[in-house]
Amino acid sequence: MTRMLTKKTIKSFSSAKQANAVLEALAPETRSTHEKRARTTLTVKNSRLEITSIGSDATYVKASQDTYGKLVGYLQSLKH
């Protein structure tokens, strides 16, 4: 039986509205079937976005966290 590893990162926003906007922007990525080695879920709690990655290998979990972290950072840097 393969042991699953979990890593969670929390990104803070100035409002729940901003956190939800980023969640909605990234939601299609989390529903895609290309993530075979690590699965990532995004949830919003108040003005915080939680990025949770689960996988059987630490390298894949870390790569998933890094990818989503960069995407969130990019979206945070956009000005409206």
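## An enclosed strand

Let's start in the middle of the fold: β3 is largely enclosed by the rest of the structure, because 6 of its 8 residues are buried. Please keep in mind that this is a predicted model.

## How the strands line up

β3 belongs to an open sheet of 3 strands, arranged in the order β1-β3-β2 with antiparallel pairing. The edges of this sheet are formed by β1 (5-12) and β2 (38-45), and each of these pairs on one side only. Going from one strand to the next, the twist averages 20°.

If you would like to trace the pairing in the viewer, begin with β2 and β3, which are antiparallel and share 8 bridges. A handy landmark here is Thr40, whose bridge partner in β3 is Ser53. On the other side, β1 runs antiparallel to β3, and 8 bridges join the two strands. There you can look for Lys8, which stands opposite Thr52 of β3.

The turn between β2 and β3 is worth a glance too. These strands form a hairpin with 2 residues between them, and Asn46 in this hairpin takes a positive phi near 60°.

## Helices on the sheet

Both helices can be placed relative to the strands. α2 packs on the sheet and touches β1, β2 and β3. The direction of α2 makes about 155° with that of β3.

What does α1 touch when it packs on the sheet? Its contacts are with β2 and β3, and the direction of α1 makes about 160° with that of β2.

## The nonpolar core

Side chains from several of these elements come together in the largest nonpolar core, which has 10 residues. Its members are Phe13, Ala19, Val22, Leu23, Leu26, Leu42, Leu49, Ile51, Tyr68 and Val72. At least two residues of this core come from each of α1 (16-31), β3 (48-55) and α2 (58-77).

Which element gives the most to this core? That is α1, with 4 residues.

## Putting it together

To picture the whole, place β3 between β1 and β2 in the sheet order. Then add α1, packed on the sheet against β2 and β3, and α2, in touch with β1, β2 and β3. With those pieces in view, the core residues, including Leu23, Ile51 and Tyr68, are a good set to highlight next.

Methods. Residues numbered from 1 in each chain as written. Predicted model: local features only at pLDDT ≥ 70, side-chain atom pairs only at ≥ 80, totals over all residues. Heavy atoms only, no water. Core = buried A, V, L, I, M, F, W, Y, C linked by side-chain atoms within 4.5 Å. Buried < 20%, exposed > 50% of the residue type's maximum accessible area, 1.4 Å probe, protein only. Pairing = 2+ DSSP bridges. Axes fitted to C-alpha atoms, helices over the stretch in contact; angles between N-to-C directions. Contact = heavy atoms within 4.5 Å.
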